[in-house]
Amino acid sequence: PGGPGGGRAQTIAPPGVRHIVAVASGKGGVGKSTTAANLALALAARGQRVGVFDADIYGPSMPRMLGLTGQRPGVVNDRIQPLQTLGLKVMSIGFLMNEEDPVVWRGPMVMGALEQMLRDVDWGELDVMVVDMPPGTGDTQLTMSQRVPLAGAVIVSTPQDIALLDARKGLNMFRRVDVPVLGIVENMSYYVCPNCGHREEVFAHGGAKATAAQMGCRFLGDIPLDIQIRVNADAGTPIVVSDPEGPHARAYLGIADAI
Ligand code: ADP
C-alpha cells in the first residue's frame with residue numbers, strides 16, 4: 001500500500017470536530033479560497049459552529065480574506081489557540097510567518113505542519129471544519145484525504161474547459177481515495193454589467209453543471225464574477241458578512257444548505 005487508494009496510515013482527527021469538509025479545485029485562481037471563506041461564513045450564519053483550516057501552505061489566503069493579517073495565535077496549556085473572527089475559528093500557516101515570506105519547504109515539512117495544525121491546535125467543539133485545500137492533486141491533497149476523515153469535498157471550478165478538465169482530475173482523486181464528492185460549484189459563472197445590466201459569460205457558462213451531470217455528482221450552485229465579491233474578500237469581510245441579505249450571500253447560503 002502507499003499509493004493513492006492504498007492502505008490508510010493512522011488518521012488524524014481533531015477530537016471535537018464532527019464533520020471535516022474540504023474545498024478543493026483543480027487549478028489555482030478559480031476562487032476556491034473565496035468560496036471556502038464564504039461557505040464557512042454561510043454555515044456559521046446557519047447556526048453551525050465552524051472552523052476554517054487553511055491547508056494551502058504555499059499560498060495561505062485565509063489571514064487576508066478573514067481580516068486577520070499580522071495576527072498571531074496564542075498558546076494556552078501548550079495548545080495553539082485558533083484565531084477567532086466573524087464567528088469562525090481559524091488556523092493558517094500564514095499566522096506563523098510574514099505575509100511576503102515564501103514557504104520554502106519540501107513535502108515532508110508541509111505534511112508535518114498540516115498534522116501539527118490539526119493535532120496541536122485547540123479546535124474545541126466544531127460542527128464543521130472547512131478546509132481550504134491547495135489547488136491541484138499533490139501531497140497535501142493525498143495526506144488530507146488519506147489521513148483526515150473527510151466527510152466530503154466540494155470542488156470549485158470556473159466554467160471554461162481547461163478549468164473543468166482539472167476539476168475532473170480533482171474529483172477523480174477524491175473518488176480514488178474514497179472521499180465523497182459533495183458537489184461542484186461554478187464560480188465566475190457570468191458577469192452582469194452594473195451600468196447597463198448586460199450579461200456576459202466571460203469564461204463560458206454552465207460547464208460545471210454539465211460536468212457534474214457527466215461525473216454523476218451534484219451541482220451545488222453558481223456564483224457570478226462580481227467586483228463586490230473580490231473587493232470584500234480582499235478587505236477581509238467576505239460578501240456573506242458584508243452584504244448578508246444580498247443575492248451573493250443567498251447563493252452561498254444555498255450552497256451551505258446543499259452540502
Ligand atoms: P483560489 O483560492 O482558487 O486560488 P481565490 O479565492 O484566491 O482563488 O480567488 C482569486 C481572486 O479572484 C481573488 O482576488 C478573489 O477575490 C477573486 N474572486 C474569486 N471569486 C470571485 C468572484 N466570484 N467574483 C469576483 N472575484 C472573485
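Student: In this model, where does Asp78 lie?
Tutor: The model is predicted. Two short strands frame the residue, S3 (75-76) and S4 (79-80). Asp78 lies in the loop between strand S3 and strand S4.

Student: Is Asp78 buried or exposed?
Tutor: A residue counts as exposed if 12 or fewer other C-beta atoms lie within 10 Å of its own. Asp78 has 7 such atoms, so the label is exposed.

Student: What is the phi of Asp78?
Tutor: Most residues other than glycine have a negative phi. Asp78 is not a glycine, yet its phi is positive. The value is about 65 degrees.

Student: What is the phi of Met188, and is Met188 buried or exposed?
Tutor: Met188 sits in the loop between strand S9 (181-187) and strand S10 (191-192). Met188 is not a glycine, and its phi is positive, about 55 degrees. Because 26 other C-beta atoms lie within 10 Å, Met188 is buried.

Student: Which residues does UniProt list for "binding site"?
Tutor: The UniProt entry is unreviewed. Its list begins at Gly26 and ends at Ser33. The residues are Gly26, Lys27, Gly28, Gly29, Val30, Gly31, Lys32 and Ser33.

Student: Where does Gly26 lie, and is Gly26 buried or exposed?
Tutor: Gly26 lies in the loop between strand S1 (17-24) and helix H1 (32-45). Leaving aside neighbours within four places in sequence, its contacts include Pro135, Gly136, Ser157 and Asp166. With 24 other C-beta atoms within 10 Å, Gly26 is buried.

Student: Which residues does Ser33 touch, not counting those up to four places away in sequence?
Tutor: Ser33 is found in helix H1. Ser33 is buried, because 29 other C-beta atoms lie within 10 Å. Its contacts beyond four places in sequence are Ser61, Met62, Met65 and Asp132.

Student: Is Ser25 buried or exposed?
Tutor: Ser25 lies in the loop between S1 and H1. Its contacts beyond four places in sequence include Val30, Lys32, Pro135 and Ala167. Ser25 has 28 other C-beta atoms within 10 Å, so it is buried.

Student: How many Å separate the C-alpha atoms of Ser25 and Gly67?
Tutor: The two residues are 42 residues apart along the chain. Their C-alpha atoms are separated by 23 Å.

Student: Which residues are closest to the ligand?
Tutor: The shell around the ligand holds 18 residues. By type they divide into 6 nonpolar, 8 polar and 4 charged. The closest are Gly31, Lys32, Ser33, Thr34 and Arg230.

Student: Which element gives the largest share of the shell around the ligand?
Tutor: H1 and helix H7 (227-234) each supply at least two residues of that shell. The largest share is 4 residues, and it comes from H7.

Student: Why is strand S7 largely enclosed by the rest of the structure?
Tutor: S7 covers residues 126-132. A residue counts as buried at 20 or more other C-beta atoms within 10 Å. S7 is largely enclosed because the number of its 7 residues that are buried is 6.

Student: Over how many bridges do S1 and S7 pair, and over how many do S2 and S7?
Tutor: Both pairings run in the parallel sense. In S1 and S7, His19 stands opposite Val128. Asp54 stands opposite Asp132 in S7. S1 and S7 pair over 6 bridges, and strand S2 (residues 50-54) and S7 pair over 5.

Student: Which residues touch the most other members of the largest nonpolar core?
Tutor: This core has 76 residues. Its largest share, 8 residues, comes from H1. Val23 touches residues that include Ala36, Leu39, Val130 and Val131. The residues touching the most other members are Val23, Ala40, Val130 and Val131.

Student: What covers the buried residues of helix H4?
Tutor: In H4 (residues 139-147), Thr140, Gln141, Met144, Ser145 and Gln146 are buried. Their cover includes S1, helix H3 (107-119), S7 and helix H5 (161-176).

Student: How many Å apart in space are Ile223 and Asp243?
Tutor: Ile223 is in strand S12 (residues 219-223). Ile223 counts as buried, because it has 25 C-beta neighbours inside 10 Å. Asp243 is 20 residues away in sequence. C-alpha to C-alpha, the two are 15 Å apart.

Technical notes:
Residues numbered from 1 in each chain as written. Predicted model: local features only at pLDDT ≥ 70, side-chain atom pairs only at ≥ 80, totals over all residues. UniProt positions renumbered as here; feature names shortened; annotations may be inferred. Contact = placed C-beta atoms within 7 Å. Near = placed C-beta within 6 Å. Nonpolar A, V, L, I, M, F, W, Y, C, P; charged D, E, K, R; others polar. Pairing = 2+ DSSP bridges. Core = buried A, V, L, I, M, F, W, Y, C linked by C-beta atoms within 7 Å.
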